[in-house]
Amino acid sequence: MKYTHMLAGAALLALGATGVSAQTLQQVKDAGVLKCGTNTGLAGFAAPNADGVWEGFDIAICRAIAAAVLSDPMAVDFVPTTGETRFTALASSEIDVLVRNSTWTFTRDVDLKFTFTNVNYYDGQGFMVPSALGVSSAMELDGATICIQTGTTTELNLADFFKQHSMSYQPVPIQTNAEADQQFLAGACDAYTTDVSGLAASRATYETPGDYIILPEVISKEPLGPVVRQGDDEWADVVRWTYNALVAAEEYGVTSENIEEMVNSENPEVRRLLGVEGDLGAMLGLDAEWARRAIAAGGNYGEIFAATIGEGTASNLERGLNALWTDGGLQYSPPFR
Amino acid sequence: MTSVDFPAENFRLSMLIYDTRYRSLTIQAIAVILFMLAAAWLVNNTVQNLAALGKDFNFGFLGSRAGYDINQTLISYTNDSSHARAALVGALNTLLVAVLGCTFATILGVVFGVLRLSSNWIVARLAGVYVEMFRNVPVLLWIFTIMAVITEIAPAPSAFRGDNATSSMLFADSVAITNRGIYMPWPVWGDGWQIVVGTFILSLIAILLFGRYARKRQEDTGDILPTFWIKLGLFFIPTILIDVLMGGPVTFEFPVLERFNFEGGGFVDKALIALVLALSLYTGAFIAENVRAGILAISKGQTEAASALGLRPNRTMSLVILPQALRVIIPPLISQYLNLTKNSSLAIAVGYMDIRATLGGITMNQTGRELECMLLLMGFYLVISLAISSLMNWYNSSVALKER
C-alpha cells in the first residue's frame with residue numbers, strides 16, 4: 001500500500017493510453033463493479049464492520065453510486081488509500097471515484113486536474129488533547145508536539161496557524177489514522193490534529209473517550225467531497241447527481257422506507273426524481289429508476305448521516321453546517337428538472 | 001567486430017541466421033531494435049498520458065514555497081523555504097541515516113560474524129540466533145516493531161513532571177529518554193570556542209600520529225604500547241583542560257522540562273533512532289554472514305601458524321585473519337551498504353522525514369508532480385548508490401592482494 005503511488009507513478013509510464021478517457025461510466029458498466037477509493041479505516045466514515053463489510057458515511061456514497069449505475073449497492077470494490085496515495089490512485093485510474101474525506105481546494109481542482117462533484121461533509125480542522133494536559137484552547141499549544149497525518153491539507157493549515165500566532169510546535173508526521181491513534185494514546189504527542197469529524201471518529205474508538213477533549217478552535221475550512229478525474233464530465237455528472245438525489249430526497253421527505261409510496265407522490269419534482277415522469281435517467285446514460293435505487297441503498301442524506309456519524313452513534317456529530325438549507329445548513333441540491 | 005572479407009555474390013539473406021559468422025550480429029541487432037522500440041513506446045506513452053491528463057512536465061514547482069514543517073533538520077528550514085530546500089533537507093536526512101546505519105551495521109556485523117565462529121557454544125549460538133532472526137524477517141516489520149517498542153515502553157515527557165514523577169533523567173539530570181526521542185546536553189559556543197575546537201582537532205591529529213609511531217615502534221622493537229588508553233586520554237584530556245583553563249567558552253546547555261516538552265539542549269527524534277536501529281540490526285545480520293564467510297575463507301593453517309608464533313587469539317584475529325578476510329568481505333559489503341541506503345526510504349513508515357517523505361511524499365502530494373518527483377528521487381538514489389559503490393571499490397582495491 002505504501003508503494004501504491006510509486007506503482008501508480010510507474011503505471012503512468014507503463015500503462016497503455018487508458019489514463020484518462022471520457023468513458024468511466026462505460027468502463028464501470030462493463031466491469032460490473034465500481035472501484036471506490038476510500039480511507040484505510042476511519043470509524044463512522046469508512047471502516048469494515050465485524051463481518052468485513054465496509055460501512056460508513058463515505059461508503060454509503062459509493063454504495064449509492066453503485067446502486068444507481070449497476071443496480072447493486074454491493075457491487076463496489078473498496079480500495080483503501082492513504083492521504084498520500086489517494087490522488088495518484090485516482091489519476092492512474094486505479095479507482096473510479098474517490099470518497100475519502102478529501103478537501104476541495106483550488107490546486108487539487110485546477111492543478112491536479114480533478115473534479116470535486118459535491119461537498120458531502122462541511123468540516124474544519126481542529127485539535128484533540130487529553131483533558132489531563134489542562135489545555136482549553138489551541139492558543140495554549142505553544143511548544144507542543146503535534147501528531148499530524150501526512151499528505152493532507154492538514155499539515156499546511158497547521159503550519160499556517162502556528163505561524164500566524166507566532167507559536168512553535170514539533171510535528172510528528174503519521175501515515176494513517178490508526179498509527180496516529182497509537183502515538184497519541186501513548187503520549188508521544190501532546191495533541192492530535194485533523195478534521196473535527198475525524199477527531200470525533202477516532203475518539204469514539206478509544207477505551208475512555210471522556211478523557212480527551214476537542215479544542216474549540218476550528219482553524220480551517222474543509223469541504224470534503226467525492227472526487228473524479230477532470231475531463232470526464234459524463235461520469236462527474238453521474239456522481240454529482242447521485243449525491244444530489246440523496247440530498248433532494250431528504251428535502252422532499254423521500255426515505256428508504258417510504259420510497260415505494262412516494263412513487264405515487266403528487267409533487268412533480270419527486271416524480272421526476274424517482275423516474276415516474278420525464279427521462280432524467282436517460283440523459284445521464286442510466287435507466288429511469290437510477291435515483292430510486294440510490295436512495296433505497298442506504299436511505300437519503302439525513303438517514304445516512306444519522307446511521308453512520310450522527311447523534312447517538314459513536315462519533316456523535318451534530319448536523320451543524322451539514323443540515324439541509326431549509327434547516328439553516330449548507331446542504332442544498334439544485335433542482336431536478 | 002572483425003570485418004569479414006568474402007565475395008559478395010556468395011551472400012544470401014538466409015546466412016544472417018544460418019551462418020555462425022553473422023548470427024550473433026543479427027541477434028544483437030534485433031535485441032537493440034527491440035530495446036529501442038520498448039523505450040520509445042514507454043516515452044511516447046508517458047507523453048500521451050501526460051497530455052491526456054492535461055499535465056505538463058516542468059520542475060518549476062521546486063522554487064515555490066513548501067508551506068509545511070519538518071521535525072528534524074540538519075540545515076535551517078522553515079515552512080517559507082522552497083520545495084527544493086525541503087528536498088535538500090530530506091536528502092541530508094537520508095544521508096544521515098545511511099551514514100549512521102552503515103557505521104553501526106558494520107560494527108554489529110563484524111562483532112557477530114566473529115562471535116558466530118566462537119568456540120564458546122553459547123556465544124556462537126546466541127550470535128546465530130541474532131543473525132537468523134534479523135535476516136529472515138522483512139526490515140519494514142523490524143522498523144515498525146522497534147518504533148512501537150520505543151513508543152510504548154519509553155515514558156512520555158509528562159512522566160518526568162511533578163514531585164512523584166515516575167521517570168527521572170539519566171546522568172545527573174542531563175539526558176532524558178522519552179517516547180518522543182532523546183533529549184541531551186548540547187554544546188553552546190561562547191567566546192573563544194575556536195581555540196577549544198582547534199585543540200580538539202590537534203588531539204585528533206596527535207592520536208593519528210601516535211598510532212603511526214606505536215606501529216613503527218612495534219615493528220622496530222616488538223614492544224606493544226597500550227594504544228587504546230593513550231588514544232582515549234588524548235581524545236578527552238587536552239580539550240577539557242583547555243576549556244577549563246579558558247574559563248569554559250564551550251558550555252553545555254541542558255534540556256529542561258517545560259510546558260509540553262523538554263526544551264533546550266539537543267534532541268534526537270525517536271523515528272531516527274528506530275530507523276537507524278532497525279536498519280543497522282537488519283543489515284548487520286547480513287554483514288555478519290559476510291564476515292563469517294570471509295574468515296572461513298582463510299585457511300586454518302594461517303591461524304595455526306600465528307599461534308605457533310605465540311600470538312594470542314585476539315591478535316591472531318586482528319593482525320592475521322581479518323586483514324586477509326577483508327578481501328573476501330568488502331565486495332559483498334558494498335551491496336549491503338547500498339541495500340541499507342535504499343532501505344532507508346522506508347523512513348516514511350515511522351514519520352522520519354527523509355527525501356522520500358519530503359520530495360516523494362508531501363511535496364509530491366501537494367504539487368501533484370508525480371513524474372518529476374519520482375525521476376528526481378530515482379536520480380538521487382542512483383547518484384548516492386554509485387558514489388558509495390565507487391568509494392568502496394576504491395577501498396577494495398587498496399586492500400586487494402597486490403600482484404606485482
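A residue counts as buried here if 20 or more other C-beta atoms lie within 10 Å of its own, with C-beta atoms placed from the backbone. With that in mind, a good place to start in this predicted model is strand 4 of chain A, which covers residues 76–81. Of its 6 residues, 5 are buried, so the strand is largely enclosed by the rest of the structure. Strand 4 of chain A also has a partner: strand 1 of chain A, residues 34–39, pairs with it in the parallel sense over 6 bridges. One residue pair helps to locate this pairing by eye, as A:Gly37 has A:Val79 in strand 4 of chain A as its bridge partner.

Chain B offers a sheet to compare by eye. Here, 3 strands form an open sheet in the order 1-2-7, and the pairing is antiparallel. Strand 1 (176–178) and strand 7 (266–269) of chain B stand at the edges; each has a single partner strand, so one side of each is left without a neighbour in the sheet. On average, and with direction ignored, neighbouring strands of this sheet are turned by 15° against each other. Strand 2 of chain B, residues 181–184, joins strand 7 of chain B through 4 bridges in the antiparallel sense. Within this pairing, B:Ile182 stands opposite B:Val268 of strand 7.

The next element to find is helix 9 of chain B, residues 270–296, which lies across strand 2 and strand 7 of chain B. Its direction makes an angle of about 55° with strand 7 of chain B. Helix 9 of chain B also packs with helix 3 of chain B (residues 83–115), at an angle of about 40° and with the two axes 6 Å apart. Angles that are neither under 35 degrees, over 145, nor from 65 to 115 count as oblique, and helix 3 and helix 9 of chain B are therefore oblique to each other. Their crossing is right-handed. The residues of this helix contact comprise 17 nonpolar, 8 polar and 2 charged.

Finally, the two chains meet. Chain B gives 37 residues to the contact, and chain A gives 37 residues. On the side of chain B that touches chain A, helix 2 (20–53), helix 5 (139–153), helix 12 (355–367) and helix 13 (370–399) of chain B each supply at least two residues. Helix 2 of chain B provides the largest share of that side, with 7 residues. Sorted by class, the side of chain B that touches chain A holds 13 nonpolar, 16 polar and 8 charged residues.

Notes. Residues numbered from 1 in each chain as written. Chains lettered and ligands numbered in written order. Predicted model: local features only at pLDDT ≥ 70, side-chain atom pairs only at ≥ 80, totals over all residues. Pairing = 2+ DSSP bridges. Axes fitted to C-alpha atoms, helices over the stretch in contact; angles between N-to-C directions. Contact = placed C-beta atoms within 7 Å. Nonpolar A, V, L, I, M, F, W, Y, C, P; charged D, E, K, R; others polar. Left-handed = near helix turned anticlockwise from the far one by under 90°. Buried ≥ 20, exposed ≤ 12 C-beta atoms within 10 Å, placed from the backbone.
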